Amino acid sequence: MGCCASKKPAALGEDGSTPEERLERRRSTKQKLGTVVNPRVEADDDQLAKLGLALNDELEEGKPLTAEEETKLRDEIVSKLEDPSVMESFDETSRVRIFRGMITNNNGTDEENVQEAIETYGTVGKWLREHPSILSEKLPKEELLNGVMNARVGGVDFQGHLVWCEQLGDIAGVVKKGLTVDEAKVLRMKTLEAIRAAQIRACETRGPRRYKNVYVMDLSKLSTTSLSSSKVRDMAKAIVTGAGSFFPETAWKLFIVNAPFIFRSAYAVIKPLIHPVTRDKIKILGGKSAYLPEMKKAGIPLSAIPESMGGSYPDKSIERCIEELLAEGFPRAAREYSPPAEEVVEGEVVSMTREPSLPGEEAEAETTLSPSMKILGVVGLAA
C-alpha cells in the first residue's frame with residue numbers, strides 16, 4: 001500500500017527528489033542551525049514521507065502572498081471594488097485564500113481571473129459585513145436540515161487539513177416539511193463558515209496555515225428514486241453547491257462514500273469531462289472496506305476520521321463545533337501559531353507522536369469551481 005502511494009509524481013521535487021530525501025536534507029540543515037522545530041509537524045512529515053506525499057512546508061497554503069501578488073491585489077482588484085472597505089471584513093487567511101483561488105490557481109485569462117476576483121471579494125465581503133454574527137444566529141429550520149445532513153467534524157490530516165463528514169439523507173423529507181431553497185442556502189453558509197473557523201482553530205494549535213479541508217459525503221441514506229422530483233433535485237443542488245461560491249479554494253479532497261452502483265456508474269460517464277486536477281481530488285467509493293484504505297493512502301489516519309465513519313475520532317456534531325468556536329471568540333481573525341519550546345538538542349531533531357490527524361498533496365492550478373459542484377452532475381444522471 002505504501003509502495004503504491006510513494007509513486008505519486010505530484011510529490012516529486014523539481015530535482016526529482018522524493019519526500020523522504022527532501023525531509024532528510026531539511027532536517028540536516030535544521031540540525032546544523034539548531035532550528036526550533038514543531039514536533040507535531042515533524043511527526044506528520046515522517047508519515048507523509050513514507051506515503052510519498054508532499055511535506056508540510058511545501059504546500060502553497062502555508063505561504064503568504066508575495067510582494068508582486070500584494071501589488072496586483074491592491075492595484076488591480078481592491079482599487080476596482082465598488083466599496084474597497086469590504087476588504088476589512090476578511091481575515092488574513094480568507095484574503096489570501098480568495099486570491100489563490102481566483103488568481104494563482106485559476107485557469108482563465110488574466111483579465112477573466114481579475115474580474116472574477118473583483119466579483120468574489122466584493123460579494124463575499126458584503127455578505128460577511130451583513131452577517132457578522134452568523135455563527136451565533138439561530139436560523140429558521142436549522143435543526144431540520146442539520147438532522148438530515150448529520151455533519152460531524154473530525155481531526156486534521158498529516159498536512160493540517162480539517163476532516164469533516166456529512167450524510168446526504170432524506171432530502172425529500174425536508175422539502176415536504178417546508179424548507180425552501182433560499183433557507184437551505186443560508187443554513188449551508190452557516191455550516192461552511194463554521195468549518196472555515198474550525199480550520200483556522202486547528203491551525204492555531206498545530207501550525208502552519210491551512211484553508212482547505214477534506215470533505216466526506218456519505219450517500220448511504222440517499223434515495224435516488226426521490227431525485228426524480230425536480231423540487232428534490234433543486235434542494236439537493238442548494239445543499240451541495242448553494243454556498244460554495246462564497247467559499248472558493250477550500251476543497252483539498254472530496255470522498256463520496258457508500259455510493260450506490262448507479263451513482264458510481266454515472267460518475268464514470270462524466271469523469272473524463274472534469275479537469276484532471278479537480279478529478280484527482282475526488283474519490284467515488286463504496287463502503288468502509290473501499291474508502292478507509294483510500295483515505296489512509298491519502299494520509300488520513302483512522303484517528304482523524306469520525307467514529308461513525310469507521311475511524312476512532314469521537315463524533316463531534318456541527319452544533320457542538322459551533323458552541324466551541326463561539327467560546328473561543330469566533331468569528332475572529334486567526335491567531336499566529338506559537339511554536340513549543342522544544343528545539344534541536346545535541347544535533348537531533350525533537351519529535352513526538354501526533355494526536356488525531358489526516359491527508360495531503362501539493363497545491364495545483366485548477367478551475368475555481370468546487371468539486372462538489374461538479375459531483376452534482378452525477379446526482380442528476382443517477383436520478
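Mentor: Start with a term: a residue counts as buried when its relative accessible area is under 20%. Keep in mind that this is a predicted model.

Trainee: Is E42 buried or exposed?

Mentor: E42 has a relative accessible area of 2%, so it falls under the 20% cut-off and counts as buried.

Trainee: How many of the residues of the chain count as buried?

Mentor: The chain has 383 residues, and 53% of them are classed as buried. Its accessible surface is about 17100 Å², with 53% of that area belonging to carbon and sulfur atoms.

Trainee: Now the fold. Which helices and strands make up the secondary structure of the chain, by count?

Mentor: There are 15 helices and five strands. Contacts between residues at a separation of 6 or more are mostly long-range: 81% of them join residues 24 or more positions apart.

Trainee: In what order do the strands form the sheet?

Mentor: For a sheet, read the strand order, then the edges, then the pairing. Here the five strands form an open sheet in the order β1-β2-β3-β4-β5, with mixed pairing. The edges are β1 (152-156) and β5 (282-284), each of which pairs on one side only. From one strand to the next, the twist averages 15°. At the β5 edge, strand β4 (residues 251-257) pairs with β5 in the parallel sense over three bridges. Within that pair, F255 stands opposite K283 in β5.

Trainee: What packs on the sheet?

Mentor: Helix α9 does, touching β1, β2 and β3 (213-218). The direction of α9 makes about 155° with that of β2.

Trainee: Which residues of the largest nonpolar core touch the most other members?

Mentor: That core has 75 residues, and those touching the most other members are I77, Y121, L168, I171, L219, I239 and I256. Helix α9 (residues 181-206) is the main contributor to this core, giving ten residues. A second core, separate from it, holds 17 residues, among them V163, F255, I300 and M309. F255 therefore appears twice in our reading, once in the strand pairing and once in this second core.

Trainee: Polar contacts next. How many salt bridges does the count come to?

Mentor: The count is 31. For each one, look at the N to O distance, then at where the partners sit in the chain, then at burial. Take R26 and D45, whose side chains meet at 2.7 Å, N to O. R26 belongs to helix α2 (residues 19-33) and D45 to helix α3 (residues 39-51), so the pair, 19 residues apart, links distant parts of the chain. Both R26 and D45 are buried.

Trainee: With which residue does K30 form a salt bridge?

Mentor: With E42, at 3.2 Å between the closest N and O atoms. This pair also links helix α2, which holds K30, to helix α3, which holds E42, across twelve residues. E42 is the buried residue we began with, at 2%.

Trainee: Which residues are linked with these in a network of salt bridges?

Mentor: The network consists of R26, R27, K30, E42, D45, D46 and D57.

Trainee: Where in the chain do E166 and R188 lie?

Mentor: E166 is in strand β2 (residues 162-167) and R188 in helix α9, 22 residues apart. They form a salt bridge with the closest N and O atoms 2.7 Å apart, and both are buried. The bridge thus joins α9 to β2, a strand that α9 also touches in packing on the sheet.

Terms used:
Residues are numbered from 1 along each chain as its sequence is written. This is a predicted model: local features need pLDDT of at least 70, side-chain atom pairs count only at pLDDT 80 or more; totals for chains, interfaces and linings use all residues. Side-chain values use heavy atoms; hydrogens and water are left out. Helices (H or I, at least four residues) and strands (E, at least two) are DSSP runs, numbered from the N terminus. Buried means under 20% relative accessible area, exposed over 50%, partly exposed in between (1.4 Å probe, protein chains only). Contact means heavy atoms within 4.5 Å. Accessible areas come from the Shrake-Rupley method with a 1.4 Å probe; for residues, only the protein chains shown count as cover. A nonpolar core is a set of buried Ala, Val, Leu, Ile, Met, Phe, Trp, Tyr and Cys residues joined through side-chain atoms within 4.5 Å. A salt bridge is a side-chain nitrogen of Lys or Arg within 4 Å of a carboxyl oxygen of Asp or Glu. Two strands pair if DSSP finds at least two bridges between them. Axes are lines fitted to C-alpha atoms, for helices over the stretch in contact, and angles run from 0 to 180 degrees between N-to-C directions.
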